[in-house]
Amino acid sequence: MDEVRKLGGVGLGARLRRLSEAIDGDATRAYSLAGIPFEQRWFGVLNQLALNGPATVSELAARLRITHVSVSQTRHSLIKAGLIAAQTDETDARRRPLVLTAAGRRLVTKLQPLWRAMEHAAAELAAESGDLMACLDLLDDALTKRPLLARVKHWMEREAAKPAGIAEKRPASRGNATGPRVRAARTKSQSS
């Protein structure tokens with residue numbers, strides 16, 4: 001029996017971490033099989049610099065919607081690998097945009113076929129899982145609209161306001177998420 005699945009909604013973070021580890025582990029093995037020394041955590045920053053050109057750590061963090069610390073750690077690793085460099089902005093010496101080095105540009109070119117294969121594999125996984133990407137978009141939007149912490153605080157306040165001895169029924173776990181918005185997203189993707 002899958003102990004994490006049994007947790008229902010309270011295990012959401014654990015399930016997402018498990019899936020992320022499985023995907024990242026397989027991606028790392030795919031890079032290795034292709035003979036390309038590449039760390040999966042580099043993808044977001046390297047891809048953004050390849051697609052959009054120079055950017056600061058803050059700009060990358062905003063685009064990727066991850067923490068400044070996470071981008072900064074990735075920056076250090078990519079600089080050490082010789083794939084990116086920090087430039088000095090001629091108009092603002094405090095601004096240090098990151099750019100791909102010649103080695104970084106060569107690596108991105110070499111990675112393109114593998115990234116296309118990964119995109120196809122991800123599309124297969126999304127289709128097999130009932131349009132996972134649409135569901136993730138809905139989850140991302142819901143968390144942007146109202147973060148998990150705000151939702152937890154709301155329920156904690158409700159529990160604290162109840163008279164002693166009255167317990168609220170726990171929400172049912174929806175293993176395959178069939179709420180109206182998810183059904184609408186699935187219907188929309190199936191008609192495309």
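The paragraphs below go through a predicted model, from the whole chain to its core and then to single residues.

The secondary structure consists of nine helices and two strands. In sequence order the elements read α-α-α-α-α-β-β-α-α-α-α. The chain has 192 residues, and 24% of them are buried. Its exposed surface comes to about 13700 Å², with carbon and sulfur atoms supplying 58% of that area. Among contacts with a separation of 6 or more, 48% join residues 24 or more positions apart.

The largest nonpolar core holds 23 residues, and those that touch the most other members are Phe38, Leu46, Leu49 and Leu111. At least two residues of this core come from each of α2 (12–33), α3, α4, α5 (68–80), β2 (98–100) and α6 (102–128). Helix α6 gives the largest share, five residues.

Leu46 shows how parts of the chain come together around one side of α3. Beyond its neighbours within four places in sequence, leucine 46 is in contact with Phe38, Leu78, Leu83, Ile84, Leu100, Leu107, Val108 and Leu111. Two of these partners, Phe38 and Leu111, are themselves listed with Leu46 among the core residues that touch the most other members. In α3, the buried residues are Val45, Leu46, Asn47, Gln48 and Leu49. The elements against which the buried residues of α3 pack are α4, α5, β1 (84–86), β2 and α6.

The packing of α3 on α4 can be described in detail. Helix α3 spans residues 43–52 and helix α4 residues 57–64; their axes lie 11 Å apart and make an angle of about 100°. Angles of 65 to 115 degrees count as roughly perpendicular, so α3 is roughly perpendicular to α4. From α3, the contact involves Gly44, Val45, Gln48, Leu49 and Asn52; from α4, it involves Leu60, Arg63 and Leu64. By type, the residues of this contact are four nonpolar, three polar and one charged.

Gln48 belongs to this contact and is placed in helix α3. Glutamine 48 counts as buried because its relative accessibility is 14%, and the cut-off for buried is under 20%. Leaving out residues up to four places away in sequence, glutamine 48 touches Gly53, Leu60, Arg63 and Leu64. Gly53 sits just after α3 and has a positive phi of about 80°.

On α5, threonine 74 offers another view of what surrounds α3. Threonine 74 has a relative accessibility of 6% and therefore counts as buried. Residues up to four places away aside, threonine 74 touches Arg41, Trp42 and Val45. Of these, Val45 is one of the buried residues of α3, and Val45 also takes part in the contact with α4. Threonine 74 and valine 57 are 17 residues apart along the chain, and their C-alpha atoms are separated by 9.6 Å.

Tryptophan 115 lies in helix α6. With a relative accessible area of 10%, tryptophan 115 is buried. Not counting residues up to four places away in sequence, tryptophan 115 touches Tyr31, Phe38, Phe43, Asn47 and Val108. Asn47 is among the buried residues of α3, while Phe38 and Val108 are also contacts of leucine 46. The pair formed by tryptophan 115 and tyrosine 31 is 84 residues apart in sequence, with a C-alpha to C-alpha distance of 9.7 Å.

Two loop residues remain, each with a positive phi. Arginine 65 is not a glycine, yet its phi is positive, at about 55°. The loop between α4 and α5 holds arginine 65. Arginine 65 has a relative accessibility of 53% and so counts as exposed, the cut-off for exposed being over 50%. Aspartate 131, also not a glycine, has a positive phi of about 60°. Its place is in the loop between α6 and α7 (132–145). Aspartate 131 has a relative accessible area of 17% and is therefore buried.

Notes: Residues are numbered from 1 along each chain as its sequence is written. This is a predicted model: local features need pLDDT of at least 70, side-chain atom pairs count only at pLDDT 80 or more; totals for chains, interfaces and linings use all residues. Side-chain values use heavy atoms; hydrogens and water are left out. Axes are lines fitted to C-alpha atoms, for helices over the stretch in contact, and angles run from 0 to 180 degrees between N-to-C directions. Helices (H or I, at least four residues) and strands (E, at least two) are DSSP runs, numbered from the N terminus. Angles under 35 degrees count as roughly parallel, over 145 as roughly antiparallel, 65 to 115 as roughly perpendicular and the rest as oblique. Contact means heavy atoms within 4.5 Å. Ala, Val, Leu, Ile, Met, Phe, Trp, Tyr, Cys and Pro count as nonpolar, Asp, Glu, Lys and Arg as charged, and the others, Gly among them, as polar. Buried means under 20% relative accessible area, exposed over 50%, partly exposed in between (1.4 Å probe, protein chains only). Accessible areas come from the Shrake-Rupley method with a 1.4 Å probe; for residues, only the protein chains shown count as cover. A nonpolar core is a set of buried Ala, Val, Leu, Ile, Met, Phe, Trp, Tyr and Cys residues joined through side-chain atoms within 4.5 Å.
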